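Open the model in your viewer and keep the selection panel at hand. The tour goes from one selection to the next and says what is there.

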Amino acid sequence: MDRSASLPSSPSSSPLPTTGSAEPARPAGSSALARAERFVWLSARVLEQRRFAYHFLGGGAEAVETALAAYLGTDGGYGHALDPDLRGPVSQPPHAVHALRVLDGIGRCGGQRVERLCRYLTSVSTPDGALPVCHPSPHGYPAAPWVPPADDPRGDLRTTGPVVGLLHRNEVWHAWLFRATDFCWAAVAALGEGGSAVRPYEVAAAVAFLDGVPDRARAEAAAERLGRRVREERLIMPPPASEPAEDRPLPPASCEPLQVHDIARTPGSPARRWFTDAEMDRSLDALVAAQQEDGGWPPHRRAWTPGATLEWRSVATIEALLTLRAYGRRI
């Protein structure tokens, strides 16, 4: 990969040309995109195959919607391991986060589907109006060890923040959003208060909320405060180029390491201003280098079952390509 050549266009702006049949134009040679395509067709779920075709091959949004509908439950939520860490058919909040990210990416985050989803979110919310990480449901379905079902769940920024941010970003208005938005403002303000540790995934959820919430002045102020905390504690930063790897501060054992590009996913994110151009470039360089021999990217999640790991890899591959394209990297 390098940064000199143009990128494949998104279908929302200038679709790629198609061949004489209905098959879209394909990336050629041994580019990162071509190698990723091979990985996707070999190993990805149908949903990620359709997403790849939409974002990089000029495919249609309807095909993505059709694939996503297979995960839809009768309650308006999503299940069936849409989030690979939660197996089984039961709707859960993390599945809703994943579904909204897919719909946002294809410009279809609205309509009756999202209205029904908001009704589902209302039905599983905690007394403070937020979403738990895992809602009580019939036990017995496998789940990752770090998201066990709870009989008395509490509202959590990690699920509520991304959902609220994405709904606001798409100008969805629903009664559920009022209390959920208030919860997110309070949760973001409380990060690190009273000496409590701030976890990288909480930072990511806070940024997802701040990226979409309509009160931009308040969001910018909150992002500036949070960014100072991230910088002071070096929670999410590549080390200086001259710093030996062994001198790098390690995150708590319960945290998964995140890079700058995992937090500032696009140049327009308030979190982008937390990092210098050199830090951003080093993070993107690391993302480029992380592409594996088979063309896919590794997942952020710890391995707990082979099927979930492979499914997360296909998700990570789509997200890596989208991030690199957003920052103008050749793929």
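Select Thr 126 and Asp 128 and show their side chains: a polar contact of 2.3 Å joins them. A polar contact is a pair of N or O atoms within 3.5 Å; within protein, one must be able to donate a hydrogen and the other to accept it, and residues adjacent in sequence count only if both atoms are side-chain atoms. This is a predicted model, in which local features need pLDDT of at least 70 and side-chain atom pairs count only at pLDDT 80 or more, while totals for chains, interfaces and linings use all residues. Residues are numbered from 1 along each chain as its sequence is written, and side-chain values use heavy atoms, with hydrogens and water left out.

Stay on Thr 126. Its place is in the loop between α5 (111-124) and α6 (157-169). Helices (H or I, at least four residues) and strands (E, at least two) are DSSP runs, numbered from the N terminus. Is Thr 126 buried or exposed? Thr 126 is buried, because its relative accessible area is 8%; buried means under 20%, exposed over 50%, and partly exposed in between (1.4 Å probe, protein chains only). Now add Pro 132, Pro 153, Arg 154 and Gly 155, which are the residues in contact with Thr 126 once its neighbours within four places in sequence are left aside. Contact means heavy atoms within 4.5 Å.

**Charged pairs**

Side chains of opposite charge can pair when their charged atoms come close. A salt bridge here is a side-chain nitrogen of Lys or Arg within 4 Å of a carboxyl oxygen of Asp or Glu. By this rule the count is 20 salt bridges.

Select Arg 108 and Glu 65, whose side chains form a salt bridge of 2.4 Å, N to O. Arg 108 lies in the loop between α4 (93-105) and α5, and Glu 65 in helix α3 (residues 61-69), so the pair ties together parts that are 43 residues apart in sequence. Arg 108 is partly exposed at 29% relative accessibility, whereas Glu 65 is buried at 18%.

Keep Glu 65 and add Arg 113: their side chains also meet in a salt bridge, at 2.3 Å, N to O. This pair links distant parts of the chain, with Glu 65 in helix α3 and Arg 113 in helix α5, 48 residues apart. Add Glu 62 as well, and you have a network of salt bridges that links Glu 62, Glu 65, Arg 108 and Arg 113.

Next, go to Glu 319 and Arg 265, a salt bridge in which the closest N and O atoms are 3.6 Å apart. Glu 319 is in helix α12 (residues 306-326) and Arg 265 in the loop between α10 (260-263) and α11 (277-289), so this pair ties together parts 54 residues apart in sequence. Glu 319 counts as partly exposed at 23% relative accessibility; Arg 265 is partly exposed too, with a relative accessible area of 36%.

**Helix α9**

Select residues 216-233, the 18 residues of helix α9. Colour Ala 219, Ala 222, Ala 223, Leu 226, Gly 227, Arg 229 and Val 230, the buried residues of α9. Where do they sit around the axis? They cover an arc of only 160°, so they are on the same side of α9; the arc is that of the directions from the helix axis to the C-beta atoms. An α-helix has 3.6 residues a turn, so residues three or four places apart point the same way. Show α7 (176-190) and α8 (200-212), against which the buried residues of α9 pack. On the other side of α9, Ala 217, Glu 224 and Glu 232 are exposed.

**Positive phi**

Most residues other than glycine have a negative phi, and most peptide bonds are trans. Arg 234, which follows α9, has a positive phi near 50°. Select Ala 81 in the loop between α3 and α4: its phi is positive, near 65°, and Ala 81 counts as buried at 7% relative accessibility. Then select Glu 171 in the loop between α6 and α7, where phi is positive, near 55°. Glu 171 counts as exposed at 65% relative accessibility.

**The whole chain**

Clear the selection and show everything. The chain has 12 helices and 0 strands. Of its 331 residues, 49% count as buried.

Methods:
Expected span 1.5 Å × (residues − 1).
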